[in-house]
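Welcome! Take a moment to look over the sequence and the 3D view, and then let us walk through them together.

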Amino acid sequence: MLIVVCIKQVPDTTQVQIDPVTNTLVREGIPFIANPYDTHALEEALRLKDQFGMRVVAVSMGPPNAEATLRKALAVGADEAILLSDRVFGGADTLATSNVLSAAIKKLNEQEEVGLVLCGKQTIDGDTAQVGPGIATRNGYSQLTLVDRVDQVDLAGKKIRVRRKLEGRHEIVEAPMPAMLTVVRELNRPRYPTVPLRLESEDREVKVWNNEALKLDVNSIGLKGSPTWVSRIFSPEREKGEIVGDGLHDPKGTSRLLIEKLLSKDLLPV
Ligand SMILES: Cc1cc2nc3c(=O)[nH]c(=O)nc-3n(C[C@H](O)[C@H](O)[C@H](O)COP(=O)(O)OP(=O)(O)OC[C@H]3O[C@@H](n4cnc5c(N)ncnc54)[C@H](O)[C@@H]3O)c2cc1C
């Protein structure tokens with residue numbers, strides 16, 4: 001049985017540059033890393049592999065240089081790495097991205113049964129948290145988001161029990177497999193590559209699947225298959241300055257300070 005881990009290569013910076021004309025990310029000259037949440041997804045897959053002997057396949061859709069990110073997945077113990085790369089995949093929004101990833105997962109399933117798909121909770125660049133659920137919907141898998149603990153995997157009964165980290169509470173959920181999980185950082189601590197595995201990974205194959213392999217309608221992928229229009233992307237401007245009051249000893253006076261500030265900015269209905 002396979003565990004597929006979806007890993008996106010993202011810019012190693014919190015200040016992503018945007019092309020003002022095309023409104024897409026400027027990739028040139030920026031160092032790239034694996035999306036941090038995806039490293040936790042990979043670690044969990046490797047732990048399940050250690051426990052149950054499942055095979056781990058790392059998959060990424062991206063430009064040719066995303067191969068480096070996949071090679072790092074091989075270096076920590078992934079069994080196979082597949083880069084989904086083709087010009088027609090470029091400019092994809094989350095819908096078109098999930099179309100390509102779910103088609104690749106279906107193709108893998110034809111070769112060997114896919115039991116689990118592990119994704120990060122979200123990426124640190126696009127940040128939408130839509131791609132994992134998009135894959136689950138398209139492939140008809142159980143959808144378990146925000147997982148911070150995997151309690152039980154019952155391969156014979158094809159069931160998985162996880163804990164989800166919700167706002168102010170946790171939820172234990174059991175679902176049939178195949179299942180798609182999105183994971184949060186608290187799930188585990190990703191391992192480092194061992195020297196032998198890292199050296200070996202340099203010579204391992206990172207397979208490349210283009211659209212000839214996936215045979216998707218070009219109107220459902222890339223820019224053509226992306227109904228989202230980005231009109232503008234920008235970092236919010238932060239106003240400098242602060243309101244200092246003694247909320248402990250003078251709560252009324254401090255509240256007044258805050259209200260006066262909000263009124264002066266026209267932020268309160270009068
Ligand atoms: C019109 C339009 C054009 C765009 N053009 C581009 C472009 O040219 N280049 C560009 O970089 N971005 C582009 N984007 C952004 C693109 O939508 C997102 O990068 C992509 O769809 C993933 O969304 P996200 O980053 O919010 O992922 P999320 O939904 O936050 O990701 C959740 C999880 O899904 C998995 N995942 C997400 N993306 C991938 C991937 N590519 N491969 C493997 N696993 C993945 C990971 O496990 C990740 O943790 C464009 C967006 C729009 C709306």
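Several elements share the work of enclosing the ligand: helix H1 (36-52), strand E4 (55-61), helix H3 (94-111), strand E6 (114-120) and helix H4 (131-139) each give at least two residues to the shell around the ligand. Helices (H or I, at least four residues) and strands (E, at least two) are DSSP runs, numbered from the N terminus. Please keep in mind that this is a predicted model, in which local features need pLDDT of at least 70, side-chain atom pairs count only at pLDDT 80 or more, and totals for chains, interfaces and linings use all residues. Residues are numbered from 1 along each chain as its sequence is written.

Which residues are closest to the ligand? They are Asp93, Cys119, Gly120, Gly126 and Thr128, out of 34 residues that surround the ligand; a residue is near a molecule if its C-beta atom, placed from the backbone, lies within 6 Å of it. By class, the shell has 12 nonpolar, 17 polar and five charged residues. Here Ala, Val, Leu, Ile, Met, Phe, Trp, Tyr, Cys and Pro count as nonpolar, Asp, Glu, Lys and Arg as charged, and the others, Gly among them, as polar.

Strand E6 has two parallel partners, listed here; two strands pair if DSSP finds at least two bridges between them.

| Partner of E6 | Bridges | Opposite residues |
|---|---|---|
| E1 (residues 2-6) | four bridges | Leu2 and Val114 |
| E10 (residues 179-183) | five bridges | Ala179 and Leu116 |

Is E6 buried or exposed? Seven of the seven residues in E6 are buried, that is, 20 or more other C-beta atoms lie within 10 Å of their own C-beta atom, placed from the backbone.

Helix H2 (residues 67-76) is mostly covered too, with seven of its 10 residues buried. Among them are Thr69, Leu70, Lys72 and Ala73. After H2 comes Gly77, with a positive phi near 130 degrees.

Now for the interior. The largest nonpolar core (buried Ala, Val, Leu, Ile, Met, Phe, Trp, Tyr and Cys residues joined through C-beta atoms within 7 Å) has 64 residues, and Val4, Val5, Ala58, Val100 and Val117 have the most contacts inside it. H3 gives this core its largest share, seven residues. Leaving aside residues up to four places away in sequence, Ala58 touches Val5, Ile7, Leu42, Leu70, Ala73, Ala78 and Ala81; contact means C-beta atoms, placed from the backbone, within 7 Å.

Finally, the chain is divided into domain 1 (2-220) and domain 2 (239-270), with bounds from an automatic or database domain assignment. Their C-alpha centres lie 45 Å apart.

Key. Buried ≥ 20, exposed ≤ 12 C-beta atoms within 10 Å, placed from the backbone. Contact = placed C-beta atoms within 7 Å.
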